[in-house]
Structure formats: C-alpha cells, structure tokens
Amino acid sequence: MDREELELFGKGLRHATANHTGEALDAALAELGWRDALAADPRAVVPLLFELQGAANATSSALDDVVLAALDTAPTTAVGVVLPSLGRWDAPGRVEGEELAVSGVGSAGLRRRAAAVVVARTGDGHVAAIVETRRLVLREVGGIDPAFGMVEVAAGRVRRRERAPAPSTAWPDALAAGQLAVGHELLGAARQMLWLACDHARERIQFGRPIASFQAVRHRLADTRVAVDAAEAALAAAWDDGSPLTAALAKALAGRGAGAARRHCQQVLAGIGFTSEHPFHRYVRRTLVLDGLLGDARSLTRRLGDDLLGGRRLPAILPL
Amino acid sequence: MELDAFRTSLDGWLDEHAAALAPGHAGAGTLDDHMAQLAKVKRLAYDAGWMRWGWPERVGGLGGSTLLRAYLAEALTLRDLVDPGLYSMTEVLAPTIIDYAPPGLAAAMVPRLLRGDETWCQGFSEPGTGSNLAALSCRATRTADGWRVSGQKIWTSLAQYAQRCVLLTRTGPTASDHRGITALFVDMASPGITVRPIVAMHGREEFCEVFFDDVAVPLDRTLGEVGQGWSVAMDLLPVERSTALWQRGAFLHRRLEQLLAAAPPGTLAPDEVGEVFGQVYALRARSRATQHRLAAGQRLGPETSVDKILLATAEQAVFDLVAAALGDAILAGDDAGSERWRAEFLYSRAATIYGGSAEVQRNIVARRLLDLGADR
C-alpha cells in the first residue's frame, strides 16, 4: 500500500474502532477491505488496526484473520480459529487416532463462524484441521473482562472434517503473527492508559498545583512511557526480524509495558480511576486478558530463561 | 560503503589481524593499559580505513552512514578489543567539533582523535552543578585576543590523558543560566590547568578534577556562537545516548553471555535470566531504532532519554545478576577475571548517575515527551 492508501485506510480504521465493537466492528472492517489489506501489507496494517483497537477498547475477530493468514488459510467470514488457552502458546489441539482433542479459547466471533481451524500436535509435528464449530463445546467467558467476549473451547473429542499436515514452521509462524498482533493491541491500550493518566495529572489540582508538577507523579508516568516505548521498539524489531523468538520477546515486553501502565496510571488516576464510570478499569481488564493470550509475559520470560540457561549462550539477534 | 558489505569486510579484517589487535597487557590491566590498547586499536583501524567510515570527508573521514561507526564500535566491543566507556568519548566529542568548530580547526583536529593520536575530554560538570548543568560557573572572560578561563570542573573523564577539552564556560552574568554559556575547545597543555585524578569506587582513576587558573584560550577556539554553549551541550547529550549506547548494549549482551558460561550450576534462576535478557534486548531494540534515525539524518532530542533510562536499568540488572550468581568472585576473588567482574559491577552502580541521572532523565521524559509542564 502506498502512503496515501494507507492514510485513507487508517482513517477508516480509526473511525471504525472508535464507533464499533464486536460484530459491528467485524462488519465495518469487512467494508473497509481489512482482509485484502492484511494480505497485501500485514506489516503496515496489523500495527495500525490492533493499536487502534487496543486504544478504543474495542473487540473484533481480526486476530482470527491474522492467525489464519499466517497458516496460509485464506481468512473468510466462514472460518475462525481456536487459540491456546490463556497463558499457553502450544497448539490447542492434539491428534488421538482418528479424533482430535481440543482445548483452547476463541474470539467472540467464533460462534458465528461455521468452522474453525485447529492446529493440533501429532507425535512428531503439527496438523491443521478444520472442525465444524457446532461440534465444539463453547462457553462464553465472563471472567475479569466480560466485554472481551472470549469463548472457552472445550471439546472432548471431535472427528475432524479434513486434516492436512502443517509444515514444521506453520504453528511457530502463526503463533508469532498472533503474538505481534496482540502485542500491538497491548501497546495501544497501554498508551491510552498513559494518555488518560497524563491528562488527569495536568487537570487535577491538589495543594494548589496540578499533580503533574509533583516529581513522584511525573516519574511514575515517565517510567510508564519508557516501558511503553520499549515495547514499541521490540514490536518494530520483531517485524524486521521475523523470527518466533523476537515475536515472543516483543509480546513479553508489551505485556510488561501494559503492566507498568496499569500499576502507575492506576495510582496517578487514584480515586476517579477506581470508579466504574471512568474508562480506566476497562483497560486494566483488557490488558490482563491480552497479556495471557498467546503467552503471558511472566511465562514467556521464564521459558526464554530456561532456553538460555540450557544453551548457556545468548542468541545473536537483531543486527544493526 | 553499505552496512552489509562493511560488516563482512570489517569482520574479515578483525579476524585476519586478531593477533596485532589483541591487548598487549596480561590480566585485568590498568587504566594505562586500557588507554594504550584503545590508542593502538584506533590507530590500526584508522590506518586500515575502518575508523574513517561514517565520518564526513571534510574531517578526514570516508563518508557513508553513521551506522558504519555503530557497527565498528559493536564489533570491537564484542571481540573485547576496547573498553566501551573509554572508546565512547570519540563518538561523543567528534560530532561536537564537526558541528561547532571553525571548519579548519575541525579538519585539523578530528583525525587526531579518530586515529588515537589524541585523547579529548568533556568539561561539563562542576562541584556545584551536577544535575543542574545550566548553573555552571567556570568563568571565561573576553580579552583582546581571546578568553581567560578560571574555575573548576569535576567528573571529567580521562582528563589526565587528554590533549584537548570541550569546555562549557560562563560568559554571561552569573545568574544567566543556559543563556550565558559559551563552549570552548581548550588545549590541556595550556599554562594554568591542573588535573587531579579521582580514585573512583571501582578502583580506577577514570574521572578527574580539573582546575583552570587564568587559562588563555584563543578566540578561534570558540565552539558555536558566544552565549550559545547550551545548544552545543544539548546537541552533544543526545549523541552521547546514541552510538555510544548501542556499543554499551553490545557490551552488556556479551557480559551476560559470559555470565551464563561462568555461573556455577544452580546459581541462576530461569525467570531472572529471561527478565534480564529481556531488558538488554529492549535496550538493543530501542537503540537500534535510534541508530537508524540518526543515520537517516534526523535530529536526536529528548526522546534519547528513554534510551539512557533503558541502558541504566539494563546495566544494573545485568550486574545485579552477576553479583548474585558470582558472589564468591565479586566478594572474595582476587584473580583477573574476578577483578574485572567486580570493577564492572561497581561501575554499574553509576549507570543511573552519569550522563544525566535517572531522575533528570525522567524529568526530561515527563516535561518534553509527556507534556506535563514544569516541575515546580
């Protein structure tokens, strides 16, 4: 996409995410040509959409599209995808004979789609299977963020409709694509929390001056900015690099950035940020769930540490 | 030359000349040893052309992207050929002279620094002005043919080795703050200059006090306009946080890897290793973006405070892990390896102090990046 097309598309996305969520946002995205844009220029449009979606606290099925595209399955309105359960990043299915055991989560739109792609582990690799959605046992997840509309996918065993061996890189690539998308959504939400807190700090007067003039407040917000900028840099670097390792690092750092934003911005917003009328709590809820989606920062970090300790060396990544 | 070609041919040259480039000293080495090593490496790299890439042709450079300089610094650091802190003075001071010295002076002086024939120092901090740089009081008074400088500087790195100093002086009224500052390029051999090294906590005399007693400085050694020294300083500080930080990030990466190899079994927890590596990586990702912005000709500004905060955080995290995993070496080891870990651990305590303290950096982020207004 050239600059002009991208600007126009971005404008459309801004309007769509600001005004719609859920099914309505899916419809708006379809109208804007989101899936074509994703196929044409993922590097430009994935950060754009997911950061806007995070900032607006909106939901959509766009993550399904991103993961499906990475699995070389053309995204359509008819097919969704089953994602690993919160905190996990291994493939959500397991092949057992002629059957498929599935356990994971899906976006709110999953029940509206006739079929779902389930990547499943076999003895020595992965297969991608298509499963009729009505065969899956779906539970609407309330939890800490009911507005997210996540569904839990718990099916004992289903017979797969078709099953194709997936190339050995298919799941790591799909995971990396999903982690980047969720990372950008976390980044958008974290930036929005920071914006809310800075705005409040400039307006709120105590002891005769804006609380933004107190160093204890400023330093919390500065630390948030640093954590958010670190996440942004790691996400951009992961797009340059294209490896599963840097995508996981970026997801972990985006989770950390959102964590810093939750902690510091909550404190700066103080009483008003603790009410349900202020939008802040929605971002707290959303970023906690997004952190868990496709691997939370803590688990990803520990796994990374395990790998580094196992090899006793560091990967030479991200050349100049 | 393009970065990829530069990388390949430089790596080849470094391998080929490994013996000639290797440190001449045994063990941990003294500061004198490290300075001698730095001068040797710079001379060899300059004569072979590497040290000239990325610098403008008008000062003896070969042109090309600043990324070439960043890669050279990284490659020398990853091979443990130079101490990154000592090397970084070149990256910090040469751009200032290129941008602000009269063209003839820059053309004559910069090659001497690049080739390792000279060491330069940076006279900014004073006993009364640490974080509050704009309150400096080292006075320069106009005479018929130049300036007379009297006052004191402190924390001046490598002043005892330096032939020249980029010096900030007060030329306006005492309370003129950032408006009344002028930058000068001073010969350290000038009569009236006394240098007194300070033994720092990590055992090295890396920093000095420098006393100026009616020191004559020619007028053509004025950097930039009279009274505009603050902008010289403000342009220097972001540079200090660009190429030099990329090199320091490479140093942290290398030392963390060496820690993984050196730590006795069971002394490192996976979550800590992952966490610290994540911090080193975050610095690398951020600094990489900054190198590319610099190479694209963008002006670096207050956003580089984010880089500095990430560096300070990562450096202390790495060496906290070192202290935890190599406690015996840090506390009681007297071999060269232990001495080096210990000196680096102690030096890392200053990462949140030097080059703009952690607090000043956060104030810059709050005011300039978050638009939170003044802090009083």
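**Exercise 1. Determine the handedness of the crossing of α10(B) and α13(B), and describe the contact that these helices form.**

Solution. The crossing of α10(B) and α13(B) is left-handed (the near helix is turned anticlockwise from the far one by less than a right angle; clockwise would be right-handed). The model is predicted: local features require pLDDT of at least 70 and side-chain atom pairs pLDDT 80 or more, whereas totals for chains, interfaces and linings use all residues. Residues are numbered from 1 along each chain as its sequence is written, and chains are lettered from A and ligands numbered from 1 in the order in which they are written.

Step 1: geometry. Helix α10 of chain B covers residues 304–325 and helix α13 of chain B residues 358–369; their axes come within 9 Å and cross at roughly 145°. Axes are lines fitted to C-alpha atoms, for helices over the stretch in contact, with angles from 0 to 180 degrees between N-to-C directions. Helices (H or I, at least four residues) and strands (E, at least two) are DSSP runs, numbered from the N terminus.

Step 2: residues. On the α10(B) side stand B:Ser305, B:Val306, B:Lys308, B:Ile309 and B:Ala312, which meet B:Ala358, B:Gln361, B:Arg362, B:Ile364 and B:Val365 of α13(B). Contact requires C-beta atoms, placed from the backbone, within 7 Å.

Step 3: classes. The contact of α10(B) with α13(B) comprises 6 nonpolar, 2 polar and 2 charged residues. Here Ala, Val, Leu, Ile, Met, Phe, Trp, Tyr, Cys and Pro are nonpolar, Asp, Glu, Lys and Arg charged, and the others, Gly among them, polar.

**Exercise 2. Identify which elements build the side of chain B that touches chain A.**

Solution. Step 1: extent. Chain B supplies 41 residues to the contact and chain A supplies 34 residues.

Step 2: elements. Two or more residues each come from α4 (66–78), α8 (243–262), α9 (270–295), α10 and α13 of chain B. The largest share, 16 residues, belongs to α9(B).

Step 3: classes. This side of chain B divides into 24 nonpolar, 6 polar and 11 charged residues.

**Exercise 3. Trace the strand pairing of β2(A) and of β3(B).**

Solution. Step 1: the partners of β2(A). Strand β2 (residues 93–96) of chain A runs antiparallel to strand β3 (residues 99–106) of chain A, with 4 bridges (a pair needs at least two DSSP bridges). In β3(A), A:Leu100 lies opposite A:Val95. The hairpin of β2(A) and β3(A) has 2 residues between the strands, and A:Gly97 there takes a positive phi near 65°. Strand β4 (residues 115–121) of chain A runs parallel to β2(A), with 2 bridges; A:Arg94 has A:Arg121 of β4(A) as its bridge partner.

Step 2: the partners of β3(B). Strand β3 (residues 146–157) of chain B is antiparallel to strand β2 (residues 139–143) of chain B, through 5 bridges. B:Ala140 faces B:Val149 of β3(B), and a hairpin of 2 residues joins β2(B) to β3(B). Strand β7 (residues 207–218) of chain B is also antiparallel to β3(B), through 9 bridges, with B:Gly146 opposite B:Pro218.

**Exercise 4. Describe the domain contacts within chain A and chain B.**

Solution. Step 1: chain A. Its domains are 1 (1–76), 2 (77–166) and 3 (170–311) (bounds from an automatic or database assignment). The C-alpha centres of domain 1 and domain 2 of chain A are separated by 22 Å, and each of these domains gives 12 residues to their contact. On the domain 1 side, α2 (23–32) and α5 (62–70) of chain A give two or more residues, and α5(A) gives the most, with 4 residues. That side of domain 1 of chain A has 4 nonpolar, 5 polar and 3 charged residues.

Step 2: chain B. Its domains are 1 (3–118), 2 (121–228) and 3 (241–369). The C-alpha centres of domain 2 and domain 3 of chain B lie 29 Å apart; 5 residues of domain 2 meet 6 residues of domain 3 in chain B. The domain 2 side of this contact in chain B has 1 nonpolar, 3 polar and 1 charged residues.

**Exercise 5. Compare the radius of gyration of each chain with that of a compact globule.**

Solution. Step 1: chain A. This chain has 10 helices and 10 strands. A compact globule of 320 residues would have a radius of gyration near 20 Å, and chain A agrees at 20 Å. The radius is taken over C-alpha atoms, and the globule rule is 2.2 Å times the number of residues to the power 0.38. The C-alpha trace of chain A spans about 70 × 50 × 40 Å along its principal axes.

Step 2: chain B. This chain has 13 helices and 8 strands. For 376 residues the globule value is near 21 Å, and chain B agrees at 21 Å.

Terms used:
Contact = placed C-beta atoms within 7 Å.
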